[in-house]
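Welcome, and please open your viewer. We will go from stop to stop, selecting a few residues at a time and looking at what surrounds them.

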Amino acid sequence: MADDNEGQRQDHEEGGEKKAHTESPLYSSGQADTEATTPTPPLPKTRSNNANASSNTNVHGPSDDVPTDKKPNFLTRLVNRLGLDAATLITMFKGSLPPTIAISMYQAAPITAYFTTLGYLVPIVSVLALAILPRGKFLMNIILNLFSVCLVAAISMLALWSAVKAREHTRSSAPPPSSGTGGGQAMTMVPYNSSQSAVCAVWLFFGIWLGNVARAKLPAFNLPVIIFSIFVNVAATYGPFMTTTTAAQRFVRELLAAMLVALALALAVNLLVFPISSRLVVFKEVEGAIGLLRRTARLQREYLVSLEKEDMFAVASHATGSGAQEGRRLTKEERAAKQLQETGDKMRQLAGKLHADIPFAKRDFAWGKLDGDDIGELMTLVRNVYIPVLGMMTIIDIFKRVSEHRGWNHHHGEDEDEMPDEDIAAKEREKRVWNEVMKQLHEPFEILSEAIDQGLEHAGICLELLPRPKKNKHADVEAQGEQVQPGDPGLAKVLEEKVAAFYSKKGELLRTWVRERGFRLEGEDEDEERDELPGEQRERDQSQLYIILYMENLMHASGEAVQALVAFADRKVADGTMSKSRVIIPTNRRLRKLLLSVFNNEDSSGEESPDLTETGNTIVYFGDGYNRKKDPEHLPPETPWQHFGNGLRKISAFFGSEESMFGFRVACATMTVGIVAFLEETQRFFMEQRLVWAMIIIALGMTMTSGQSFFGFLCRVGGTVVAMVLSLINWYIVDGRPAGAIVFMWFFIFISYYFFIKYPRFIPAIMIAIVTQVLIIGYELQTIRLGREVAERTGQPWYPTYLLAPYRLACVAGGSLVAFFWTIFPSPLTDRTWLRRDLSATLYLVANYFGVISSTLQSNLDNTAGDADIPGTPAHQLYKVGRKIFGKVMMLIPSMTQHSEWQRWEPTIGGKFPREAYDDIILRSTRIMAYLTLISYTLMHPNRVYNASNNDMGDDDENPIHSREWLSALSKVLRTLKPAHHSILSTLTLLSNSLLSGQRLPPFLPLPRPYEMTKRLMKLSSSSPYPRDGDDNGVGYDEEYEEETDGAPIRLVDSRTGRDDSDEDRLLRKRTTRLNQKLGHIPEHDDHRFTERPRARRPAEVNMLDPRNMEQPGYTEFAVLQVCTTLVCDDLEGLVKAVSGLVGVVDFSFRYVGSESTVGAKSIADSAPGGLRRRK
């Protein structure tokens, strides 16, 4: 039965992995996956299907009693290979319905009579409304679409009215034409009026500029602005033919009706045809996260096993992936690490998607069980699980750095022939010590990984995210006994026992490690002490202990996080939440936040990016401190007149902003084609050749970066070629019969949506292909329905399909070329520039996150943090800010990776783009963020089991006092980390500003030394007692020594106040303590709690970092802090090198390069050009 459960668990892990990392960009943000196996978010009816598929998997293996599955036939293999599951087919069908319904409706006489020649807009807008979006996102878009359509209708009516008035005031006294221009009336070429055309051109330019400024400033308006641009393009280009206000009103009314009907069709399809809620998308993502986490735990176990063996650097039996492609076969350790890293990368991408999708799920109307608060708590608990689980993957990075530093991974005995025998023996001895450490970690992790796997599966089953595994008819019931399985009520107790067993094993492992190194624990014979080891060996032992404590702390934290998730699931089952469904209505507060988020600089996911067809972009609000400079020429305003002047300056700043420049570019690109419609000699040509379609392509094709625009240009032309071919096949295969043409058009659109879903990178080509097919076939069907004579009254001659399709291709190619030209002219905003900005913003956010961590550590040391669960306390505020920054970085990382891919399409003029340097900065920034997240998690989530078992350690009378004294001493010592923290924060901020502005770095940067404090503490005199609370006279811990530990004859000055940082720190601690005491969150300090008489000191008290103190509260957290700080400093040094290679370094030094004969022979002025040169 255990084997059966393991097989089913692996099925769920693999299924979750497939769901997790390859979601369509329309459903979630993050980097778009271009693999053909990308599945769509599953729908409600597919849950049982997926469950059956998982349950029917043969987990028994070959057996006489259990029949083996038949080999799938060719059709089944093809369907599986293409990923044509039920969810994908339903989404394809759902996307193809709105345009098909719109064209079918047009065949009815009342619809034809009302819309006449504007009927082609209905299917086009129904496609752009994106009915396949999840309900929450679609409803937000439909509201914004309605707002933009009504607004543009009002603007268009004003534009046409003013144009008609311009004609009336400038025409001759001759009577007006008898036949006005209206939507359904015959269009005669009325006399040309330059004033009317000029007014329409001005309104067109203004409308396009206004819409695209909103598009760039407010990403949520991306889709509405595209529809806005289509409306204003059509209205302004038909405006010069309007002779009366009545005709203008009729024309705008028909345009508005066409838009509203299209949006109504999309709304009906979204809500009634296989509805997909945003909650369901999140639930499926959580299901995928559970599968990935279970797989990560299993692969982590396999990786630790690979480090247990002495042949860990031996070449694997077969090599896969990049290592084999580069000509070098992977070692066993590298192969295990590669699999683990790939799974971890998928989990990180999924975390970014969850961060973007959670707000929509919490604000969605639904019929379900978990409400918005439950979803938010579930996300928090899942986040608390994946942070330590993914944190354990840092052992790969640690091992890589240790092996490179020690020279373990030299292949084929490189350089070993020249090494002395004793060095080789020492190296092998070190490797064996590492193998033993990994073996010691294996058994506790085996216990914990099973608990994590069962706990995650149990939570998924109880919350109905995972199907219950079917009982095996061939299982031995007697052998199973009363064994508790995931989904059973008593699993929480089993998990608690396993976590307790892990903690017990962990304690035994640490005690064994201490004894093997000659230490004596409390209660043992202390008369014999080990001889003092050399400093290097002591540092290595200390590093090994840190790594052991680091890994075990993350393992323990993972177990406790899973316990919390299981407790949440059991609580929801116990209180009846999961027993029945109910109507879920978001609160007024959530709806208000939804509306406000549209008009502010909130984070946005890929589908809300500045360009619909360039998915995967991420817009992140970095905060007021980023890219906001104080004006060195103006002080803050004081008088009303000064405030009024500031308002005027904001107006000029708005018109000069990047968003306004983008709107100006789009308006200029539109007018490049639109000017043809407003000149007397070319006006007829514009109408006959339907150049308005080129203007619509410009609205679809303009992007803010040149790399996307060039790629989009190729995609749009390619998509139109495909659409032209499909339209010719469609029309002539049925000989122009309307019924057959509609059916074939639906089929081709249905197939097109497969590529729309599976290959999101080619969405530009697919969108144009769909819209162009609708336009060509819709126009031909419209002509058949209206008759050729009526269709040509608008001034557009009828063309057969074999001519109309190439003309559409020419329009698309021309519009795309104009859009690309105005993207790079007069100066391009390249993806390379955007990537540099994103990197700068990421470093800024990492610095901000590090500041939050430093503040959290400082408040914990000062006992002023309070309870993180109580709103209003400093700990709660710091936790909220840290969580928000973490989510922003998780969204930025896929965006940076995609910009790195897009820049390949930009033409390189001059030197080569240093992509390797940028990729290195992305990698190091991501790793630093991961290490800081682990520090934050450790500070905010201390382990609970230790407190329960603390009384079993040592003497009950003395151990509590000893622990408090040790904590007091540790808090004093940790204050020496402040200069290192300040230097990390300052360096990250400086690197961010340097990348943003392109300015060179200063010649010297303060890089911290991570293990300097460890060395300092290990060298403390044995006569130094623990400092008492309130006693600063202990050697090495007073304020004077705290300044000396900075290691340099300088003092830190706060740039914000200009005062000494130590003085600022004391004032801040006093203010915070008084504030929290007033709030009642923090008890007043008792300055006399450690005034007991001096007592005899244990040997472990001689050195605070003595391994025998490992069970003291805070020692494990200190180990995590040291390991992560070391990794951060290592990557920070690499960041400085990479950034300095990009922006350069300011260097005013000089060096002498002349010969000795020139000394004294020439004057300094003569020798300076040849002998004294500036350092390069």
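**The whole chain**

Before selecting anything, keep in mind that this is a predicted model. Begin with the whole protein chain and colour it by secondary structure: there are 40 helices and 4 strands. Of its 1176 residues, 54% count as buried. The accessible surface comes to about 52,400 Å², and carbon and sulfur atoms account for 57% of that surface. Now think about how the chain folds back on itself: among contacts between residues at least 6 apart in sequence, 83% join residues at least 24 apart.

**Two nonpolar cores**

Next, select Y303, Y386, Y550, M555 and L932. These belong to the largest nonpolar core, a set of 130 residues, and they touch the most other members of it. Centre on L932 and show its surroundings. Leaving aside neighbours within four places in sequence, L932 is in contact with V846, Y849, F850, I853 and V1128. Apart from this core lies another, made of 115 residues, and A201, A262, V673 and F686 are among them. In soluble globular proteins, nonpolar side chains tend to be buried together.

**Along helix α27**

Now select residues 763-786, which form helix α27. From the first C-alpha to the last, the 24 residues of α27 reach 34 Å, close to the 34 Å expected at 1.5 Å a residue. Is this helix mostly covered or mostly uncovered? It is mostly covered, since 22 of the 24 residues in α27 are buried. Step just past the end of α27 and you arrive at G787, which has a positive phi, near 100°.

**A tour of the salt bridges**

The model has 25 salt bridges, and we will visit a few of them.

Start with R294 and D453, where the closest N and O atoms are 3.1 Å apart. This pair links distant parts of the chain: R294 sits in helix α11 (residues 278-306) and D453 in helix α16 (residues 421-462), 159 residues apart. Which side of the burial cut-off do the two partners fall on? R294 counts as buried because its relative accessibility is 1%, under the 20% cut-off. D453 counts as buried too, at 11% relative accessibility.

Move on to D575 and K572, a salt bridge whose closest N and O atoms are 4.0 Å apart. Colour this pair by accessibility: D575 is partly exposed at 44% relative accessibility, while K572 is buried at 9%.

For a bridge within a single helix, select K1137 and E1133, with closest N and O atoms 4.0 Å apart. Both residues lie in helix α39 (residues 1115-1143), 4 residues apart, about one turn of the helix. An α-helix has 3.6 residues a turn, so residues three or four places apart point the same way. K1137 is exposed, with a relative accessible area of 57%, and E1133 is partly exposed, with 37%.

To finish this stop, select D397, D920, R924, R927 and D1131 together. These residues are linked in a network of salt bridges.

**A buried arginine without a salt bridge**

Go to helix α29 (residues 801-824) and pick out R808. How far away is the nearest side chain of opposite charge? That side chain is E780, 8.4 Å away, and R808 is buried yet has no salt bridge. Show the residues around it: not counting those up to four places away in sequence, R808 touches R690, W693, T720, T772, L775 and I776.

Stay in α29 for one more selection, T823. T823 counts as buried, at 2% relative accessibility. Add F662 to the selection and draw a distance between the C-alpha atoms: T823 and F662 are 161 residues apart along the chain, with C-alpha atoms separated by 8.6 Å.

**Last stop: a loop proline**

Finally, select P637, in the loop between α20 (588-598) and α21 (640-655). P637 counts as partly exposed, at 24% relative accessibility. Leaving out residues up to four places away in sequence, P637 touches Q642, H643 and N646. Keep those three displayed with P637 and you can view the contacts of this loop residue together.

How values were computed. Residues are numbered from 1 along each chain as its sequence is written. This is a predicted model: local features need pLDDT of at least 70, side-chain atom pairs count only at pLDDT 80 or more; totals for chains, interfaces and linings use all residues. Side-chain values use heavy atoms; hydrogens and water are left out. Helices (H or I, at least four residues) and strands (E, at least two) are DSSP runs, numbered from the N terminus. Buried means under 20% relative accessible area, exposed over 50%, partly exposed in between (1.4 Å probe, protein chains only). Contact means heavy atoms within 4.5 Å. Accessible areas come from the Shrake-Rupley method with a 1.4 Å probe; for residues, only the protein chains shown count as cover. A nonpolar core is a set of buried Ala, Val, Leu, Ile, Met, Phe, Trp, Tyr and Cys residues joined through side-chain atoms within 4.5 Å. The expected span of a helix is 1.5 Å times one less than its number of residues. Lys and Arg count as positive and Asp and Glu as negative; His and the chain ends are not counted.
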